[in-house]
Amino acid sequence: MGIGRFGLLGAVMLVLASCAEVSTVGGDSSPEAVAAAAYRHPGPPAITLYTMINNRSGSGAHTSIMINGSQRVIFDPAGSVRLSAMPERGDVLYGVTPQVADFYERAHARETYHVRIQRIEVSAAVAEQALRLVMANGTVASARCAVTTSGILRQLPGFESLPQTWFPNQLADGFATLPGVKERRLYEEDADDKAVAIAAYQQQLAAGQ
């Protein structure tokens with residue numbers, strides 16, 4: 001027996017409401033700021049999928065990806081974690097140094113949410129294709145984080161089997177089936193308002209720490 005038309009509608013509205021809580025913040029940085037912030041990580045080409053999960057309900061609340069290629073960026077569709085040290089253009093965050101990447105993960109992990117982090121190494125060509133796709137995509141409307149990310153990933157060689165989905169958890173479960181994926185989960189006990197963590201990190205940057 002299926003969940004029925006109204007049950008399906010309720011499930012879709014739940015995931016849309018979750019993603020809608022993460023709204024786009026601020027405007028695009030200048031091309032000059034983006035170019036100046038470019039950071040190349042010495043590790044192998046890789047794609048990391050982030051899924052933010054509600055600790056009470058288990059529902060997926062947000063989806064984003066980090067791409068390590070000729071430079072390392074985070075595609076954070078309709079996201080809200082923004083820093084002066086991390087210029088943003090079209091929902092792509094630049095200057096993703098190890099310190100910034102660590103902050104990005106930890107800013108999402110708090111008493112109400114944890115982060116499912118899945119990483120897969122890819123060829124340099126696939127990483128560059130992923131970079132081109134996210135840079136060309138443009139700003140994403142609220143609630144479209146998972147469907148936009150899954151649509152981009154499905155265009156990459158080796159990722160065609162991923163579901164085209166509005167549901168962050170469904171995308172993460174599909175990603176887990178790809179050969180070579182390594183997974184971990186990040187839990188923290190910070191207060192629910194991640195704006196507090198962002199403000200604290202901004203102060204550290206201003207103080208040169």
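In the predicted model, Ser-161 sits in the loop that links helix 5 (145–153) to helix 6 (168–176). Its relative accessible area is 58%, so Ser-161 is exposed. Thr-177 follows 16 residues later in sequence. The C-alpha atoms of Ser-161 and Thr-177 are 9.2 Å apart.

The protein chain contains seven helices and seven strands. From the N terminus, the elements run α-α-β-β-β-β-β-α-β-α-α-α-β-α. The chain has 209 residues, and 47% of them count as buried. Its accessible surface is about 9,800 Å². Carbon and sulfur atoms contribute 56% of that surface. Among contacts with a separation of 6 or more, 70% join residues 24 or more positions apart.

The seven strands form an open sheet with antiparallel pairing. Their order is 4-5-3-2-1-6-7. Strand 4 (88–89) and strand 7 (182–186) are the edge strands, each pairing on one side only. Helix 4 (residues 124–137) packs on this sheet. There, helix 4 touches strand 1 (46–54), strand 2 (60–68), strand 3 (72–75) and strand 5 (92–93). The direction of helix 4 makes about 125° with that of strand 2.

Strand 1 is largely enclosed by the rest of the structure, because nine of its nine residues are buried. Both of its faces are covered. One side carries Ala-46, Thr-48, Tyr-50, Met-52 and Asn-54, all buried. On the other side, Ile-47, Leu-49, Thr-51 and Ile-53 are likewise buried.

Strand 1 has strand 2 and strand 6 as its neighbours in the sheet order. Eight bridges connect strand 1 with strand 2, and the two run antiparallel. Within this pair, Tyr-50 has Ser-64 of strand 2 as its bridge partner. Strand 1 and strand 2 form a hairpin with five residues between the strands. In this hairpin, Gly-58 adopts a positive phi near 80°.

Strand 1 is also antiparallel to strand 6, with nine bridges joining the two. Here the bridge partner of Leu-49 is Gln-118. Gln-118 also stands opposite Glu-183 in strand 7. Strand 6 (residues 113–121) pairs with strand 7 in the antiparallel sense, over five bridges.

Technical notes: Residues numbered from 1 in each chain as written. Predicted model: local features only at pLDDT ≥ 70, side-chain atom pairs only at ≥ 80, totals over all residues. Heavy atoms only, no water. Helix = DSSP H or I, 4+ residues; strand = E, 2+ residues; numbered from the N terminus. Buried < 20%, exposed > 50% of the residue type's maximum accessible area, 1.4 Å probe, protein only. Pairing = 2+ DSSP bridges. Contact = heavy atoms within 4.5 Å. Axes fitted to C-alpha atoms, helices over the stretch in contact; angles between N-to-C directions. Areas by Shrake-Rupley, 256 points an atom, 1.4 Å probe, with all protein chains shown as cover.
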